[in-house]
Amino acid sequence: MSTVVNPATEETLAEIESAGVEETDAAVARAKAAFPAWRAVSPTDRGRLLRRLATLVEEHHEELSRIESRNVGKPIGGARGEVGMVAHVFHFYAGAVDKHHGETIPVAGGVDLTFREPLGVVGLITPWNFPLNIASWKLGPALACGNTVVLKPAELTPLSTMRLGELALEAGIPEGVVNIVVGKGSVVGQRLIEHPDVAKIGFTGSTEVGQQVMRGAAGTIKRVTLELGGKSANVIFADADLEKAAAAAPYAVFDNAGQDCCARSRVLIERSAYDKFAELFVAATRKLKVGDPEDESSEMGPLISAAHRETVASFVNGEPLFRGDAPAGKGFWYPATIVEATTDDRVAREEVFGPVAALIPFEDEADAVRIANASQYGLSGSIWTRDGARAFRVARAIDTGVLSINSNSSVRPSTPFGGFKQSGFGRELGMHALAGYSEVKNVYYATEG
Ligand code: NAD
(Lines give C-alpha, C1' and ligand atoms only; values in the text may rest on other atoms or scores of the structure.)
Protein backbone atom coordinates (compact mmCIF):
# COMPACT_ATOMS: atom_id res chain seq x y z
CA MET A 1 0.00 0.00 0.00
CA SER A 2 1.21 3.50 -0.67
CA THR A 3 -0.27 6.60 0.93
CA VAL A 4 -0.86 9.59 -1.32
CA VAL A 5 -0.89 12.91 0.54
CA ASN A 6 -1.70 16.53 -0.12
CA PRO A 7 1.66 18.29 0.35
CA ALA A 8 -0.07 21.54 1.37
CA THR A 9 -1.96 19.97 4.29
CA GLU A 10 -0.27 16.57 4.83
CA GLU A 11 -3.77 15.01 4.67
CA THR A 12 -4.12 11.56 3.16
CA LEU A 13 -5.80 11.71 -0.25
CA ALA A 14 -5.77 7.98 -1.06
CA GLU A 15 -4.31 4.64 -0.09
CA ILE A 16 -3.27 2.78 -3.20
CA GLU A 17 -2.29 -0.84 -3.64
CA SER A 18 1.23 -0.86 -5.08
CA ALA A 19 1.62 -3.10 -8.09
CA GLY A 20 4.42 -5.65 -8.18
CA VAL A 21 6.23 -7.54 -10.91
CA GLU A 22 3.25 -9.84 -11.51
CA GLU A 23 0.84 -6.93 -12.14
CA THR A 24 3.42 -5.27 -14.37
CA ASP A 25 3.82 -8.43 -16.43
CA ALA A 26 0.03 -8.72 -16.70
CA ALA A 27 -0.19 -5.12 -17.97
CA VAL A 28 2.54 -5.76 -20.54
CA ALA A 29 0.69 -8.91 -21.65
CA ARG A 30 -2.55 -6.90 -22.07
CA ALA A 31 -0.71 -4.24 -24.05
CA LYS A 32 0.93 -6.90 -26.24
CA ALA A 33 -2.40 -8.55 -26.94
CA ALA A 34 -4.02 -5.21 -27.81
CA PHE A 35 -1.22 -4.13 -30.18
CA PRO A 36 -2.18 -5.90 -33.46
CA ALA A 37 -5.71 -4.50 -33.44
CA TRP A 38 -4.61 -1.00 -32.35
CA ARG A 39 -1.96 -0.64 -35.03
CA ALA A 40 -4.58 -1.71 -37.58
CA VAL A 41 -7.05 1.03 -36.60
CA SER A 42 -7.28 3.41 -39.56
CA PRO A 43 -5.41 6.70 -39.19
CA THR A 44 -8.68 8.63 -39.33
CA ASP A 45 -10.21 6.56 -36.54
CA ARG A 46 -7.09 6.68 -34.39
CA GLY A 47 -7.07 10.45 -34.77
CA ARG A 48 -10.76 10.55 -33.91
CA LEU A 49 -10.19 8.56 -30.68
CA LEU A 50 -7.35 10.87 -29.61
CA ARG A 51 -9.56 13.86 -30.41
CA ARG A 52 -12.27 12.39 -28.20
CA LEU A 53 -9.78 11.96 -25.37
CA ALA A 54 -8.75 15.61 -25.80
CA THR A 55 -12.41 16.65 -25.61
CA LEU A 56 -13.00 14.55 -22.49
CA VAL A 57 -10.00 16.19 -20.83
CA GLU A 58 -11.60 19.55 -21.65
CA GLU A 59 -14.95 18.42 -20.25
CA HIS A 60 -13.22 17.25 -17.04
CA HIS A 61 -10.92 20.25 -16.93
CA GLU A 62 -11.87 21.48 -13.46
CA GLU A 63 -11.96 17.99 -11.92
CA LEU A 64 -8.50 17.11 -13.27
CA SER A 65 -7.12 20.50 -12.24
CA ARG A 66 -8.36 20.00 -8.67
CA ILE A 67 -6.85 16.50 -8.49
CA GLU A 68 -3.50 17.79 -9.76
CA SER A 69 -3.54 20.82 -7.46
CA ARG A 70 -4.26 18.71 -4.35
CA ASN A 71 -1.85 15.92 -5.15
CA VAL A 72 1.14 18.03 -6.22
CA GLY A 73 0.41 21.15 -4.14
CA LYS A 74 0.19 23.31 -7.27
CA PRO A 75 -1.72 26.59 -7.22
CA ILE A 76 -5.07 25.91 -8.87
CA GLY A 77 -4.45 28.55 -11.55
CA GLY A 78 -1.28 26.77 -12.67
CA ALA A 79 -2.95 23.37 -12.55
CA ARG A 80 -5.73 24.67 -14.84
CA GLY A 81 -3.13 25.87 -17.33
CA GLU A 82 -1.43 22.48 -17.30
CA VAL A 83 -4.65 20.53 -17.86
CA GLY A 84 -5.46 22.92 -20.71
CA MET A 85 -2.14 21.95 -22.24
CA VAL A 86 -2.91 18.23 -21.83
CA ALA A 87 -6.03 18.67 -23.98
CA HIS A 88 -4.04 20.71 -26.50
CA VAL A 89 -1.39 17.96 -26.69
CA PHE A 90 -4.00 15.27 -27.47
CA HIS A 91 -5.61 17.56 -30.08
CA PHE A 92 -2.20 18.07 -31.65
CA TYR A 93 -1.46 14.33 -31.89
CA ALA A 94 -4.99 13.58 -33.08
CA GLY A 95 -4.12 15.79 -36.04
CA ALA A 96 -0.63 14.32 -36.40
CA VAL A 97 -1.68 10.69 -36.97
CA ASP A 98 -2.16 11.05 -40.74
CA LYS A 99 0.66 13.56 -41.22
CA HIS A 100 3.44 11.27 -40.08
CA HIS A 101 4.37 9.65 -43.35
CA GLY A 102 7.23 8.04 -45.18
CA GLU A 103 9.20 9.04 -48.27
CA THR A 104 9.94 7.77 -51.73
CA ILE A 105 13.65 7.75 -52.58
CA PRO A 106 15.05 7.77 -56.11
CA VAL A 107 16.95 4.50 -56.71
CA ALA A 108 18.00 2.47 -59.74
CA GLY A 109 15.87 -0.41 -60.97
CA GLY A 110 12.79 0.12 -58.87
CA VAL A 111 10.91 2.06 -56.27
CA ASP A 112 12.12 2.70 -52.75
CA LEU A 113 9.84 3.82 -50.00
CA THR A 114 9.86 4.17 -46.24
CA PHE A 115 7.19 3.37 -43.67
CA ARG A 116 6.90 4.59 -40.08
CA GLU A 117 6.11 1.48 -38.10
CA PRO A 118 4.98 1.48 -34.47
CA LEU A 119 7.38 -0.13 -31.98
CA GLY A 120 4.87 -2.32 -30.13
CA VAL A 121 4.47 -2.05 -26.36
CA VAL A 122 6.10 1.04 -24.90
CA GLY A 123 6.80 1.63 -21.20
CA LEU A 124 6.32 5.20 -20.01
CA ILE A 125 7.74 6.33 -16.66
CA THR A 126 6.83 9.79 -15.36
CA PRO A 127 7.91 12.05 -12.46
CA TRP A 128 5.84 13.72 -9.73
CA ASN A 129 6.23 17.37 -10.68
CA PHE A 130 4.01 17.63 -13.79
CA PRO A 131 2.26 14.25 -13.71
CA LEU A 132 -0.55 14.74 -16.21
CA ASN A 133 1.30 17.02 -18.57
CA ILE A 134 4.27 14.73 -18.94
CA ALA A 135 2.03 11.68 -19.27
CA SER A 136 0.28 13.40 -22.21
CA TRP A 137 3.59 14.32 -23.89
CA LYS A 138 4.41 10.62 -24.07
CA LEU A 139 0.96 9.11 -24.52
CA GLY A 140 0.00 11.41 -27.38
CA PRO A 141 2.81 10.49 -29.80
CA ALA A 142 2.96 6.85 -28.60
CA LEU A 143 -0.72 6.27 -29.38
CA ALA A 144 -0.66 8.36 -32.56
CA CYS A 145 2.05 6.06 -33.96
CA GLY A 146 0.01 2.94 -33.15
CA ASN A 147 1.83 1.68 -30.06
CA THR A 148 0.18 0.31 -26.96
CA VAL A 149 1.33 1.59 -23.60
CA VAL A 150 2.11 0.67 -20.00
CA LEU A 151 2.38 3.91 -18.05
CA LYS A 152 3.88 4.11 -14.56
CA PRO A 153 3.28 7.41 -12.79
CA ALA A 154 5.37 8.52 -9.79
CA GLU A 155 4.24 6.94 -6.50
CA LEU A 156 3.73 10.36 -4.88
CA THR A 157 1.38 11.72 -7.53
CA PRO A 158 -0.51 8.98 -9.39
CA LEU A 159 -4.07 10.32 -9.05
CA SER A 160 -4.49 12.43 -12.19
CA THR A 161 -2.87 9.76 -14.39
CA MET A 162 -5.21 7.11 -12.98
CA ARG A 163 -8.18 9.33 -13.89
CA LEU A 164 -6.73 9.90 -17.36
CA GLY A 165 -6.64 6.12 -17.84
CA GLU A 166 -10.38 6.00 -17.15
CA LEU A 167 -11.02 8.84 -19.59
CA ALA A 168 -9.03 7.01 -22.29
CA LEU A 169 -11.41 4.07 -21.97
CA GLU A 170 -14.42 6.38 -21.94
CA ALA A 171 -13.10 7.97 -25.14
CA GLY A 172 -13.35 4.57 -26.80
CA ILE A 173 -9.64 3.71 -26.89
CA PRO A 174 -9.83 -0.09 -26.68
CA GLU A 175 -9.07 -2.04 -23.48
CA GLY A 176 -5.40 -2.95 -23.21
CA VAL A 177 -4.12 -0.02 -25.29
CA VAL A 178 -3.47 2.24 -22.27
CA ASN A 179 -2.50 0.46 -19.05
CA ILE A 180 -1.73 2.48 -15.94
CA VAL A 181 0.32 0.63 -13.32
CA VAL A 182 0.95 2.37 -10.01
CA GLY A 183 3.95 1.17 -8.03
CA LYS A 184 7.54 1.73 -7.09
CA GLY A 185 10.16 2.73 -9.61
CA SER A 186 12.51 0.06 -8.32
CA VAL A 187 9.82 -2.61 -8.91
CA VAL A 188 7.38 -1.63 -11.67
CA GLY A 189 9.77 0.74 -13.44
CA GLN A 190 12.63 -1.70 -13.24
CA ARG A 191 10.48 -4.53 -14.59
CA LEU A 192 9.35 -2.42 -17.55
CA ILE A 193 12.99 -1.63 -18.34
CA GLU A 194 13.95 -5.30 -18.31
CA HIS A 195 10.82 -6.81 -19.84
CA PRO A 196 11.60 -8.47 -23.18
CA ASP A 197 8.18 -7.53 -24.60
CA VAL A 198 8.64 -3.80 -23.97
CA ALA A 199 10.20 -2.16 -27.02
CA LYS A 200 10.93 1.29 -25.65
CA ILE A 201 11.09 3.28 -22.44
CA GLY A 202 9.97 6.90 -22.51
CA PHE A 203 11.38 8.25 -19.24
CA THR A 204 11.20 11.61 -17.49
CA GLY A 205 12.91 11.98 -14.14
CA SER A 206 16.26 12.48 -12.52
CA THR A 207 19.56 12.05 -14.32
CA GLU A 208 20.55 9.34 -11.79
CA VAL A 209 17.54 7.15 -12.55
CA GLY A 210 17.94 7.99 -16.24
CA GLN A 211 21.38 6.37 -16.09
CA GLN A 212 19.80 3.23 -14.61
CA VAL A 213 17.18 3.22 -17.37
CA MET A 214 19.91 3.39 -20.01
CA ARG A 215 21.95 0.62 -18.38
CA GLY A 216 18.92 -1.61 -17.94
CA ALA A 217 17.70 -1.02 -21.48
CA ALA A 218 21.00 -2.31 -22.87
CA GLY A 219 20.00 -5.88 -21.97
CA THR A 220 17.29 -5.95 -24.63
CA ILE A 221 18.53 -3.07 -26.83
CA LYS A 222 15.43 -1.09 -25.91
CA ARG A 223 14.92 2.30 -27.40
CA VAL A 224 14.99 5.04 -24.79
CA THR A 225 13.99 8.66 -24.63
CA LEU A 226 15.36 10.42 -21.55
CA GLU A 227 14.09 13.75 -20.27
CA LEU A 228 16.26 14.41 -17.23
CA GLY A 229 17.41 17.14 -14.89
CA GLY A 230 18.37 20.73 -15.67
CA LYS A 231 20.23 23.76 -14.35
CA SER A 232 19.12 26.33 -16.85
CA ALA A 233 20.52 29.84 -17.16
CA ASN A 234 18.50 33.02 -17.45
CA VAL A 235 21.06 35.29 -19.16
CA ILE A 236 20.35 39.00 -18.81
CA PHE A 237 22.45 41.55 -20.69
CA ALA A 238 22.71 45.15 -19.51
CA ASP A 239 20.92 46.41 -22.65
CA ALA A 240 17.80 44.31 -21.93
CA ASP A 241 14.49 45.69 -20.76
CA LEU A 242 15.56 45.09 -17.15
CA GLU A 243 12.13 45.85 -15.68
CA LYS A 244 10.50 43.27 -17.91
CA ALA A 245 13.24 40.68 -17.36
CA ALA A 246 13.09 41.15 -13.58
CA ALA A 247 9.29 41.01 -13.45
CA ALA A 248 9.35 37.70 -15.35
CA ALA A 249 12.36 36.12 -13.59
CA PRO A 250 10.59 34.93 -10.39
CA TYR A 251 8.12 32.82 -12.40
CA ALA A 252 10.99 31.28 -14.36
CA VAL A 253 12.47 29.78 -11.21
CA PHE A 254 9.79 29.73 -8.51
CA ASP A 255 6.95 28.39 -10.65
CA ASN A 256 5.82 24.96 -9.37
CA ALA A 257 7.89 25.89 -6.27
CA GLY A 258 11.01 25.47 -8.39
CA GLN A 259 10.23 21.81 -9.00
CA ASP A 260 10.59 22.25 -12.71
CA CYS A 261 13.24 20.70 -14.92
CA CYS A 262 13.26 23.96 -16.94
CA ALA A 263 13.67 26.22 -13.88
CA ARG A 264 16.03 29.09 -14.72
CA SER A 265 17.73 28.61 -11.36
CA ARG A 266 20.95 30.31 -12.48
CA VAL A 267 20.26 33.97 -13.09
CA LEU A 268 23.25 35.38 -14.98
CA ILE A 269 23.50 39.19 -15.07
CA GLU A 270 25.98 41.41 -16.88
CA ARG A 271 28.02 43.04 -14.13
CA SER A 272 27.22 46.65 -15.10
CA ALA A 273 23.49 45.95 -14.53
CA TYR A 274 23.92 43.58 -11.58
CA ASP A 275 22.92 45.90 -8.72
CA LYS A 276 19.94 47.37 -10.54
CA PHE A 277 18.68 43.96 -11.64
CA ALA A 278 19.19 42.39 -8.21
CA GLU A 279 17.07 45.14 -6.66
CA LEU A 280 14.30 44.70 -9.25
CA PHE A 281 14.40 40.90 -8.97
CA VAL A 282 14.11 41.00 -5.17
CA ALA A 283 11.21 43.47 -5.43
CA ALA A 284 9.40 41.22 -7.94
CA THR A 285 9.99 38.11 -5.80
CA ARG A 286 8.66 39.90 -2.72
CA LYS A 287 5.31 40.20 -4.53
CA LEU A 288 5.07 36.45 -5.21
CA LYS A 289 2.02 35.10 -3.42
CA VAL A 290 2.93 31.90 -1.57
CA GLY A 291 0.05 30.04 0.05
CA ASP A 292 -2.91 27.66 -0.10
CA PRO A 293 -2.92 26.10 -3.59
CA GLU A 294 -6.73 26.19 -3.61
CA ASP A 295 -6.71 29.96 -3.21
CA GLU A 296 -7.24 31.49 -6.67
CA SER A 297 -4.58 34.13 -6.07
CA SER A 298 -1.77 31.80 -4.93
CA GLU A 299 1.27 31.72 -7.18
CA MET A 300 3.47 29.23 -5.32
CA GLY A 301 2.59 26.21 -3.21
CA PRO A 302 4.61 23.84 -1.02
CA LEU A 303 7.29 21.34 -1.95
CA ILE A 304 6.30 17.75 -2.62
CA SER A 305 7.50 16.15 0.64
CA ALA A 306 9.32 16.68 3.91
CA ALA A 307 12.34 14.76 2.63
CA HIS A 308 12.54 16.93 -0.46
CA ARG A 309 12.31 20.08 1.66
CA GLU A 310 15.39 18.94 3.58
CA THR A 311 17.31 18.48 0.35
CA VAL A 312 16.30 21.94 -0.89
CA ALA A 313 17.23 23.56 2.44
CA SER A 314 20.70 22.00 2.27
CA PHE A 315 21.53 24.29 -0.67
CA VAL A 316 21.14 27.49 1.35
CA ASN A 317 24.04 28.23 3.68
CA GLY A 318 24.26 31.49 5.57
CA GLU A 319 22.04 34.50 5.04
CA PRO A 320 20.60 34.69 1.52
CA LEU A 321 20.14 37.94 -0.41
CA PHE A 322 16.38 37.45 -0.03
CA ARG A 323 14.11 35.01 1.75
CA GLY A 324 10.35 35.36 1.27
CA ASP A 325 7.46 34.34 3.47
CA ALA A 326 5.86 30.92 3.58
CA PRO A 327 2.97 29.56 5.65
CA ALA A 328 3.85 27.97 8.99
CA GLY A 329 2.28 24.75 10.29
CA LYS A 330 1.19 21.78 8.22
CA GLY A 331 2.52 21.36 4.70
CA PHE A 332 5.98 21.14 3.19
CA TRP A 333 6.47 24.88 2.74
CA TYR A 334 9.70 26.53 1.73
CA PRO A 335 10.10 30.26 0.97
CA ALA A 336 11.27 31.75 -2.31
CA THR A 337 14.98 32.35 -1.79
CA ILE A 338 17.63 34.28 -3.74
CA VAL A 339 21.33 33.73 -3.10
CA GLU A 340 24.41 35.35 -4.62
CA ALA A 341 26.77 32.73 -6.04
CA THR A 342 29.73 31.92 -8.23
CA THR A 343 29.86 29.14 -10.80
CA ASP A 344 31.75 26.88 -8.41
CA ASP A 345 29.14 26.93 -5.64
CA ARG A 346 27.02 23.80 -5.23
CA VAL A 347 23.84 25.88 -5.61
CA ALA A 348 25.08 26.96 -9.07
CA ARG A 349 26.09 23.47 -10.20
CA GLU A 350 23.45 21.02 -8.94
CA GLU A 351 19.75 20.91 -9.62
CA VAL A 352 18.00 22.25 -6.49
CA PHE A 353 14.48 21.44 -7.67
CA GLY A 354 13.11 23.97 -5.21
CA PRO A 355 12.53 27.74 -4.99
CA VAL A 356 16.18 28.81 -4.75
CA ALA A 357 17.66 31.15 -7.37
CA ALA A 358 21.41 31.75 -7.70
CA LEU A 359 22.44 35.22 -8.94
CA ILE A 360 25.73 35.14 -10.84
CA PRO A 361 27.47 38.13 -12.49
CA PHE A 362 29.20 37.92 -15.89
CA GLU A 363 31.62 40.29 -17.64
CA ASP A 364 30.72 40.13 -21.33
CA GLU A 365 29.08 37.98 -24.01
CA ALA A 366 31.85 35.37 -24.07
CA ASP A 367 31.79 35.09 -20.28
CA ALA A 368 28.00 34.69 -20.31
CA VAL A 369 28.24 31.79 -22.75
CA ARG A 370 31.09 30.21 -20.78
CA ILE A 371 29.13 30.30 -17.52
CA ALA A 372 25.86 29.18 -19.12
CA ASN A 373 27.69 26.15 -20.57
CA ALA A 374 29.54 25.34 -17.34
CA SER A 375 27.01 22.67 -16.43
CA GLN A 376 26.56 18.96 -16.97
CA TYR A 377 22.99 19.81 -17.94
CA GLY A 378 21.59 21.44 -21.07
CA LEU A 379 17.83 21.55 -21.03
CA SER A 380 16.46 25.06 -21.27
CA GLY A 381 17.31 28.73 -20.78
CA SER A 382 16.60 32.36 -21.64
CA ILE A 383 18.44 35.31 -23.15
CA TRP A 384 17.36 38.89 -22.50
CA THR A 385 18.81 41.61 -24.75
CA ARG A 386 17.64 44.29 -27.19
CA ASP A 387 20.43 43.33 -29.61
CA GLY A 388 18.87 40.80 -32.00
CA ALA A 389 22.14 39.66 -33.56
CA ARG A 390 23.64 38.98 -30.14
CA ALA A 391 20.48 37.14 -29.06
CA PHE A 392 20.93 34.67 -31.92
CA ARG A 393 24.71 34.40 -31.50
CA VAL A 394 24.26 33.49 -27.84
CA ALA A 395 21.30 31.18 -28.58
CA ARG A 396 23.48 29.23 -31.02
CA ALA A 397 26.39 29.10 -28.57
CA ILE A 398 24.52 27.82 -25.52
CA ASP A 399 24.38 24.02 -25.38
CA THR A 400 20.76 23.43 -24.46
CA GLY A 401 17.78 21.93 -26.25
CA VAL A 402 15.25 24.72 -25.66
CA LEU A 403 15.87 28.48 -25.48
CA SER A 404 13.73 31.59 -25.32
CA ILE A 405 14.71 35.15 -26.21
CA ASN A 406 13.11 37.91 -24.13
CA SER A 407 10.77 35.30 -22.67
CA ASN A 408 11.00 32.40 -20.23
CA SER A 409 8.64 29.95 -21.87
CA SER A 410 10.01 26.55 -22.89
CA VAL A 411 7.12 24.32 -23.71
CA ARG A 412 4.52 24.29 -26.48
CA PRO A 413 2.55 21.31 -27.83
CA SER A 414 3.74 21.91 -31.39
CA THR A 415 7.48 22.52 -30.81
CA PRO A 416 10.24 20.06 -29.88
CA PHE A 417 11.32 19.82 -26.28
CA GLY A 418 14.32 17.98 -24.81
CA GLY A 419 17.85 18.18 -23.59
CA PHE A 420 21.50 18.29 -24.58
CA LYS A 421 24.26 16.70 -22.48
CA GLN A 422 23.10 15.01 -19.25
CA SER A 423 19.63 16.49 -19.56
CA GLY A 424 18.89 13.53 -21.81
CA PHE A 425 18.16 12.83 -25.45
CA GLY A 426 15.26 12.36 -27.78
CA ARG A 427 12.58 14.99 -28.24
CA GLU A 428 9.07 15.26 -26.90
CA LEU A 429 6.21 17.34 -28.29
CA GLY A 430 5.71 18.58 -31.83
CA MET A 431 6.16 16.31 -34.83
CA HIS A 432 9.68 15.50 -33.55
CA ALA A 433 8.28 13.26 -30.79
CA LEU A 434 6.83 10.85 -33.38
CA ALA A 435 10.37 9.78 -34.33
CA GLY A 436 10.82 8.42 -30.81
CA TYR A 437 7.76 6.18 -31.04
CA SER A 438 8.27 4.67 -34.50
CA GLU A 439 10.84 2.82 -36.55
CA VAL A 440 11.72 3.66 -40.14
CA LYS A 441 11.28 0.68 -42.43
CA ASN A 442 12.79 0.84 -45.90
CA VAL A 443 11.18 -1.20 -48.70
CA TYR A 444 12.58 -1.62 -52.19
CA TYR A 445 10.35 -2.87 -55.02
CA ALA A 446 12.09 -3.97 -58.21
CA THR A 447 10.26 -2.72 -61.28
CA GLU A 448 12.57 -3.95 -64.04
CA GLY A 449 11.33 -6.97 -65.91
P1 NAD B 1 12.91 10.17 -10.25
O2 NAD B 1 13.99 9.90 -11.22
O3 NAD B 1 13.14 9.89 -8.83
O4 NAD B 1 11.60 9.37 -10.65
C5 NAD B 1 11.01 9.45 -11.94
C6 NAD B 1 10.20 8.20 -12.19
O7 NAD B 1 11.10 7.10 -12.26
C8 NAD B 1 9.19 7.87 -11.10
O9 NAD B 1 8.02 7.34 -11.69
C10 NAD B 1 9.92 6.80 -10.31
O11 NAD B 1 9.05 5.92 -9.64
C12 NAD B 1 10.68 6.08 -11.38
N13 NAD B 1 11.84 5.34 -10.92
C14 NAD B 1 12.58 5.55 -9.81
N15 NAD B 1 13.55 4.62 -9.72
C16 NAD B 1 13.44 3.81 -10.78
C17 NAD B 1 14.15 2.68 -11.25
N18 NAD B 1 15.18 2.18 -10.59
N19 NAD B 1 13.76 2.11 -12.41
C20 NAD B 1 12.72 2.62 -13.10
N21 NAD B 1 11.99 3.67 -12.70
C22 NAD B 1 12.34 4.27 -11.57
O23 NAD B 1 12.50 11.70 -10.50
P24 NAD B 1 11.41 12.56 -9.73
O25 NAD B 1 11.99 12.87 -8.38
O26 NAD B 1 10.06 11.92 -9.81
O27 NAD B 1 11.35 13.85 -10.63
C28 NAD B 1 12.26 14.88 -10.51
C29 NAD B 1 13.32 14.82 -11.59
O30 NAD B 1 12.71 14.75 -12.87
C31 NAD B 1 14.18 16.06 -11.62
O32 NAD B 1 15.54 15.71 -11.79
C33 NAD B 1 13.69 16.80 -12.86
O34 NAD B 1 14.61 17.66 -13.44
C35 NAD B 1 13.30 15.69 -13.75
N36 NAD B 1 12.34 16.16 -14.74
C37 NAD B 1 12.75 16.28 -16.04
C38 NAD B 1 11.86 16.76 -17.00
C39 NAD B 1 12.29 16.92 -18.43
O40 NAD B 1 11.41 16.97 -19.28
N41 NAD B 1 13.57 16.97 -18.75
C42 NAD B 1 10.56 17.09 -16.64
C43 NAD B 1 10.19 16.95 -15.32
C44 NAD B 1 11.08 16.46 -14.37
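Which residue of strand 9 does T204 stand opposite? Keep that in mind as you open the viewer; the model you are looking at is predicted.

**Stop 1: the open sheet**

Start by selecting strand 8, residues 198-204, together with strand 9, residues 223-227. These two strands run parallel and are joined by 5 bridges. Now pick out T204, and you have the reply to the opening question: E227 in strand 9 stands opposite.

Next, widen the selection to the whole sheet. It is an open sheet of 6 strands with mixed pairing, and you can trace the strands in the order 7-6-5-8-9-19. At the edges you will find strand 7 (178-180) and strand 19 (424-425), each of which pairs on one side only.

**Stop 2: two helices on the sheet**

Add helix 7, residues 185-194, to the view. This helix packs on the sheet and touches strand 5 (121-125), strand 6 (148-152) and strand 8. Its direction makes about 155 degrees with that of strand 6.

Then select helix 8, residues 207-218. Helix 8 lies across strand 8, strand 9 and strand 19, and it runs at about 175 degrees to strand 9.

**Stop 3: K138**

Go to helix 5, residues 131-144, and select K138 within it. Is K138 buried or exposed? K138 counts as buried because its relative accessibility is 0%, and the cut-off for that word is under 20%. To see what surrounds K138, show the residues it touches, leaving out those up to four places away in sequence: L124, I125, T126, G202, F203, T204, E227, E428 and Y437. Two names here will be familiar from the first stop, T204 and E227, the residues that stand opposite each other.

**Stop 4: strand 10 and its partner**

Move on to strand 10 (233-236). In a regular strand, side chains alternate between the two faces of the sheet. Colour A233 and V235 for one side of strand 10, and N234 and I236 for the other. Both faces are covered, and these four residues are all buried.

Now show strand 11, residues 266-270, which runs parallel to strand 10 and is joined to it by 4 bridges. Which residue of strand 11 does I236 stand opposite? Select I269 to find the partner of I236.

**Stop 5: the cavities**

A probe the size of a water molecule, rolled over the atoms, shows where empty space is left. How many cavities of 30 Å³ or more are there? The count comes to 3.

The largest cavity has a volume of about 80 Å³. Its lining takes in 18 residues, and those nearest its centre are A233, R266, A372, S380 and T400. Strand 10 (233-236), helix 13 (365-373) and strand 15 (377-378) are the elements that give two or more residues to this lining. By class, the lining of the largest cavity holds 7 nonpolar, 7 polar and 4 charged residues. A233, one of the buried residues of strand 10, turns up here again among those nearest the centre.

For the second largest cavity, of about 50 Å³, select G230, G258, D260, C261, A263, S265, E351, V352, F353 and G354. Its lining divides into 4 nonpolar, 4 polar and 2 charged residues.

**Stop 6: two residues with positive phi**

Select E10 in the loop between strand 1 (2-5) and strand 2 (12-16). E10 is not a glycine, yet its phi is positive, near 65 degrees. With a relative accessible area of 33%, E10 is partly exposed.

Then jump to L429, in the loop between strand 19 and helix 15 (432-435). Phi of L429 is also positive, near 65 degrees, in a residue other than glycine. L429 counts as buried, at 0% relative accessibility.

**Stop 7: two exposed residues**

Select Y445 in strand 20, residues 438-446. Y445 is exposed, with a relative accessible area of 57%. Leaving out residues up to four places away in sequence, Y445 touches G109, G110 and V111. Draw a line between the C-alpha atoms of Y445 and P36: these are 409 residues apart along the chain and separated by 25 Å.

Finish at H101, found in the loop between helix 4 (76-96) and strand 3 (104-105). Why does H101 count as exposed? Its relative accessibility is 55%, and exposed means over 50%. For a last line across the model, join the C-alpha atoms of H101 and K231, which lie 130 residues apart along the chain and are separated by 36 Å.

Technical notes:
Residues numbered from 1 in each chain as written. Predicted model: local features only at pLDDT ≥ 70, side-chain atom pairs only at ≥ 80, totals over all residues. Heavy atoms only, no water. 1 Å grid on protein atoms, 1.4 Å probe; cavity = no way out; pocket = protein on both sides within 12 Å on 5 of 7 lines; lining within 4 Å. Points joined across faces, edges and corners; volume = space filled by probe spheres on them. Nonpolar A, V, L, I, M, F, W, Y, C, P; charged D, E, K, R; others polar. Pairing = 2+ DSSP bridges. Contact = heavy atoms within 4.5 Å. Axes fitted to C-alpha atoms, helices over the stretch in contact; angles between N-to-C directions. Buried < 20%, exposed > 50% of the residue type's maximum accessible area, 1.4 Å probe, protein only.
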